[in-house]
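This report follows one residue outward to its sheet and then to the helices beyond. The sequence and structure come first.

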Amino acid sequence: MTNAELNDLKQRYVANGAASPATAFADRAENAQVWDADGNRFVDFAGGIGVLNIGHRHPKVVAAVKAQLDKVMHTCQTVMPYEGYVKVAEKLSQITPVRGHAKVMLANSGAEALENAVKVARAATGKNNVICFDGGYHGRTFMTMAMNGKVAPYQTDFGSMPGNVFRAPFPVPYHGVSEDEALRGLKMALKTDANPKDTAAIVLEPVLGEGGFYPAPTSFLKAIREICDEHGILMIIDEVQSGFGRTGKMFAIEHSGVEPDIMTMAKSMADGMPISAVVGTDKVMDASGGNSLGGTYTGSPVSCAATLAVLEVFEEENILAKSNALGDKLAKRFATWQQDFDCIDNGRNMGAMAAFDLVSDKANHTPDAELAAALCKKARDNGLILLSCGMYGNTIRFLMPVTIEDDILEEGLGILESCLKELVGQKASATA
């Protein structure tokens, strides 16, 4: 079917809240390229929102999925377990930097992992409260909507949110929130809203994802670890977007050396197959009763096969080094663009988790969300899939596969640059 025919079906049958605003329908893909139903080719700088760190349809993952399809597609692992689930659990236990010996439960999505992390924390501590952070994003289920640090579009139309969720500031000095202020806000939340004796967990992303790709300082993470230890609160680190090599390490928390009690992960864990995980210290993970965690599809055999293949690719193809090299290339280009364009500011990256902000006034860091939206649209019209994010909607984020070929990367960056020139022009000094 053509894009036009598929768009007609979308308009008639897909709920508005779930329908993509994009009008091109993906037909096939390879590494960092996608072709639509009309045969148009796109360079992919979105990676399925951080799901494709090793690229679309990595051959090793495709082969593992096909092989698993010839064996078992589903039994429900609580009815009859299978090798893939326990092998994934073993591998994740070995690579995840939580305190002590780690145990694992598998789920289907990032939101489901966060839901279960909260369940585990409440079971392990006997407490109810959860503290999250401004700008954080944890999912679209009711509990995770309450945990998100941004209202629109996630909570807007859905009524009252679950209780016992409290908020603290996230340190983003660029937007006027220092680390000291963030810690003061967290400590104040523990005094005014979330009594430590009733608080089960503090949950945060080591690098804000939807909130704008801002990394938490190591000293901030260490301070949270100390606060948790002081009050018997569990530290939950959400690595759904920042994990599996995006930041140049397997998990972003490894940059700090801090060991949380629980970690959640998903997205690039299986190169596009639906799976997520909660990994935590064994005593914490074993706190709830038998058959208290799980679900019909959790840890699907096919997704487990994909995960095991992804972990082999990381070892065989030096993905972490590629992530750091890609981050260096993006940082250099951002620095040049900041000189060439008055609208580009605050380029930043941790490995290949990279972003810059679009502003109307650099001196005052004035966000320009309209320009961000216009750039993403124009890029799409010119064959580049690009995403914005951030509390103010003005951050351009880069989630292309870490495995992107150099010529495809340069092509995509060139499209972005030409689109910017069309939208805003360049400084005279850059064109002279």
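In what order do the four strands of the open sheet stand, and with what pairing?

## The sheet

The model is predicted. In it, the strand order of the open four-stranded sheet is β1-β2-β3-β14, and the pairing is mixed. Strands β1 (26–30) and β14 (384–385) are the edges: each has a single partner strand, so one side of each lacks a neighbour in the sheet.

Strand β2 runs antiparallel to β3 (residues 41–44), and three bridges join the two. Across this pair, Q33 of β2 is placed opposite V43 in β3.

## Residue Q33

Q33 belongs to strand β2, which spans residues 33–36. Its relative accessible area is 13%, and because buried means under 20%, Q33 counts as buried.

The side chain of Q33 makes a polar contact of 2.5 Å with the side chain of R41. Beyond neighbours within four places in sequence, Q33 is in contact with R41, F42, H56 and I408.

## Helices α13 and α11

Strand β3 also gives a reference direction for the packing on this sheet. Helix α13 (residues 406–424) packs there, touching β2, β3 and β14, and its direction makes about 95 degrees with that of β3.

Helix α13 also meets helix α11 (residues 319–340): their axes come within 12 Å and cross at roughly 25 degrees. Angles under 35 degrees count as roughly parallel, so α11 is roughly parallel to α13. The crossing of the two helices is right-handed. On the α11 side the contact is made by L326, K329, L330, R333 and W337; on the α13 side, by D406, L409, E410, L413, L416 and E417.

Methods. Residues numbered from 1 in each chain as written. Predicted model: local features only at pLDDT ≥ 70, side-chain atom pairs only at ≥ 80, totals over all residues. Heavy atoms only, no water. Buried < 20%, exposed > 50% of the residue type's maximum accessible area, 1.4 Å probe, protein only. Polar contact = N/O pair within 3.5 Å; in protein donor to acceptor, adjacent residues only side chain to side chain. Contact = heavy atoms within 4.5 Å. Pairing = 2+ DSSP bridges. Axes fitted to C-alpha atoms, helices over the stretch in contact; angles between N-to-C directions. Parallel < 35°, antiparallel > 145°, perpendicular 65-115°, else oblique. Left-handed = near helix turned anticlockwise from the far one by under 90°.
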